[in-house]
Amino acid sequence: MRLSESADGAGPVAILVRVDGDEAVERLHQGLIELSRVEEVRCCRYVGGWLLTACGVANADPDPLLRTVGAVVDQFDSLAEIIDVRRGASELPAGLEGFRISERFMVTGGGAAVDASTIRLDAAHVFGTGAHASTRLAVQAMEGIAGREEGFPARILDVGTGSGILALVAARLGAAQVLGIDICEEALAVAWRNILANGLRNQVSVASTPLAGLSEQYGLVIANVTASVLLRLADEIVGRLPGGGWLIVSGLQGRQGEEMEEALSRYGFQTVARHAEGKWRCLTLRYFPAA
Ligand SMILES: C[S@@+](CC[C@H](N)C(=O)[O-])C[C@H]1O[C@@H](n2cnc3c(N)ncnc32)[C@H](O)[C@@H]1O
């Protein structure tokens, strides 16, 4: 099993497990809740199945939790798979006045006024407050594209939209139409609330449609997901891009940056920019398919 971690910082570690079938989800839920290292198990619908989130104790080392959860998940063979590991407490603290995520953009909490450089986010248990480096790097990458002479693409797809933060930034940067997709229904509900809170419902929409179910072309695809998810989705991402289309890939750690460049170059992608913060890497690429 390949595990991917985005579990820096403090707060409880959350392990996200995709499960197929009502019977399997019940048995796995029970198995996880019995583990002494697991404090709480949350459950929501996932396209075609379920998503279980096993939360550990705050500030605990993620590795022992991963090993025990992994051992239970392995008993379900192809019916269950760990798809992400993250710090669960990614919500905005109540009353937060705001923090900068790039030279231009600030994230503010609920109640704050919004303007062209502000993204207002309501607290929620989904990824994407702007507190994580992988999100900030993707924002910087978008700003890099927006600063070019040819301008920012009009149609954008945000794969793994979470809170919707990157889709909202894309709209503020001038995209006419942005679609955010996610496998987590809770994330989609939160993203929709954030779209409304920012007054961007005419530009940004969200859907649970899997990437394989989309048929439109997008001038820019953004994907802040783990390297293994990205590699699994690479064929489908390529199918959504016209020649000359842009791809921003974030959520990579250390050497995964170079490995991803190498893997994507085989599809016809050329790297235009690299952004890094600590161990986190983000790539801006352009698609030039072979004639
Ligand atoms: C690291 S979060 C990124 C959230 C936000 N875009 C940001 O940059 O802060 C990754 C998101 O991808 C979603 N995800 C994982 N696999 C996916 C898939 N195959 N298709 C769509 N979304 C996926 C997860 O549910 C999660 O919300």
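Ile181 stands opposite Ala207 in strand E11. The exercises below start from this pair of residues. The structure is a predicted model, in which local features need pLDDT of at least 70 and side-chain atom pairs count only at pLDDT 80 or more, while totals for chains, interfaces and linings use all residues. Residues are numbered from 1 along each chain as its sequence is written, and side-chain values use heavy atoms, with hydrogens and water left out.

**Exercise 1. Place strand E11 in its sheet.**

Step 1. Helices (H or I, at least four residues) and strands (E, at least two) are DSSP runs, numbered from the N terminus. Two strands pair if DSSP finds at least two bridges between them.

Step 2. Strand E10 (residues 177-181) is joined to E11 by four bridges, and the two run parallel.

Step 3. The open sheet has seven strands in the order E11-E10-E9-E12-E13-E15-E14, with mixed pairing. Strand E11 (204-207) and strand E14 (269-277) each have a single partner strand, so one side of each lacks a neighbour in the sheet. From one strand to the next, the twist averages 20 degrees.

Step 4. Helix H5 (residues 185-197) lies across E10 and E11 and runs at about 170 degrees to E11. Such angles run from 0 to 180 degrees between N-to-C directions, with axes fitted to C-alpha atoms, for helices over the stretch in contact. Contact means heavy atoms within 4.5 Å.

**Exercise 2. Check the length of helix H3 and decide how far it is enclosed.**

Step 1. The expected span of a helix is 1.5 Å times one less than its number of residues. For the 14 residues of H3 (residues 133-146) this gives 20 Å, and the end C-alpha atoms are 20 Å apart, which agrees.

Step 2. A residue is buried under 20% relative accessible area, exposed over 50% and partly exposed in between (1.4 Å probe, protein chains only). Eleven of the 14 residues of H3 are buried, so the helix is largely enclosed by the rest of the structure. Among them are Arg136, Met142 and Glu143.

Step 3. The cover over these buried residues includes helix H4 (165-172), E12, E13, E14 and E15.

**Exercise 3. Describe helix H6.**

Step 1. The 13 residues of H6 should span 18 Å, and the end C-alpha atoms are 18 Å apart, which agrees.

Step 2. A kink of about 55 degrees is centred on Leu233. The bend at a residue is the angle between axes fitted to the seven residues ending there and the seven starting there. Leu233 is also one of the buried residues of H6.

Step 3. Helix H6 (residues 227-239) lies across E9, E12, E13, E14 and E15, running at about 165 degrees to E13.

**Exercise 4. Find and classify the aromatic pair.**

Step 1. Rings of Phe, Tyr and Trp (its six-membered ring) pair if their centres lie within 6.5 Å; planes under 30 degrees apart count as stacked, over 60 as edge-to-face and the rest as tilted. The count comes to one aromatic pair.

Step 2. The rings of Phe269 and Tyr287 have centres 5.1 Å apart and planes at 35 degrees, so the pair is tilted. Phe269 in strand E14 and Tyr287 in strand E15 are 18 residues apart, and their pair links distant parts of the chain.

Step 3. Phe269 is buried at a relative accessible area of 4%, and Tyr287 counts as buried at 10%.
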